Amino acid sequence: MDHIVTVQDAVTAFADFMEPTDAELDAIEREMPAILADVDLLDAQIITLARTPTELDARRIRRARRRVLAARRELANAATSVHPRVGA
């Protein structure tokens, strides 16, 4: 009979090295408004999967899309202000 051996030690042996760095946590924090806007959009879209979308659902999706675009624009503008283009 073959014994099944767990690989827990092998999997978690590198757990200390797999923690996010401060720079990665800062990047996540900067992107959080865009992430939350994406979640709101997904919520609005998921609600309409189970039923025929109403006008209210359509407005909610449009507002959520505008929030996603605004958050992504802010994120892109912040990235370009920190790292100006070369030759500009």
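I began with the nonpolar patch on the surface, which in this predicted model is formed by L25, I28, I35 and V39, and I noted that together these residues have about 310 Å² of accessible area.

I then took one member of that patch, V39, and found that V39 sits in helix α2, which covers residues 22-47. Is V39 buried, partly exposed or exposed? I read a relative accessible area of 39% for V39, and because partly exposed lies between under 20% for buried and over 50% for exposed, V39 counts as partly exposed.

Next I looked for charge on the surface, and I found that R59, R60, R63, R66 and R67 gather there in a patch of positive charge. I checked where R66 belongs, and its place is in helix α3, made of residues 55-82.

I stayed with helix α3 and turned to A70, which also has its place in that helix. The relative accessible area of A70 is 24%, so I wrote A70 down as partly exposed. Which distance separates A70 from P33 in space? From C-alpha to C-alpha I found 9.6 Å, although A70 and P33 are 37 residues apart in sequence.

Last, I stepped back to the protein chain as a whole, where I counted three helices and zero strands, and reading along the sequence I wrote the pattern as α-α-α. Of the 88 residues in the protein chain, I noted that 11% are buried. The accessible surface of the protein chain comes to about 7800 Å², and I recorded that carbon and sulfur atoms hold 61% of that surface.

Definitions and conventions: Residues are numbered from 1 along each chain as its sequence is written. This is a predicted model: local features need pLDDT of at least 70, side-chain atom pairs count only at pLDDT 80 or more; totals for chains, interfaces and linings use all residues. Side-chain values use heavy atoms; hydrogens and water are left out. Patches are made of residues with over 30% relative accessible area and no salt bridge: like charges are joined within 9 Å, nonpolar side chains (Val, Leu, Ile, Met, Phe, Trp, Tyr) within 5 Å. Accessible areas come from the Shrake-Rupley method with a 1.4 Å probe; for residues, only the protein chains shown count as cover. A salt bridge is a side-chain nitrogen of Lys or Arg within 4 Å of a carboxyl oxygen of Asp or Glu. Lys and Arg count as positive and Asp and Glu as negative; His and the chain ends are not counted. The place of a charge is taken as NZ of Lys, CZ of Arg, CG of Asp or CD of Glu. Helices (H or I, at least four residues) and strands (E, at least two) are DSSP runs, numbered from the N terminus. Buried means under 20% relative accessible area, exposed over 50%, partly exposed in between (1.4 Å probe, protein chains only).
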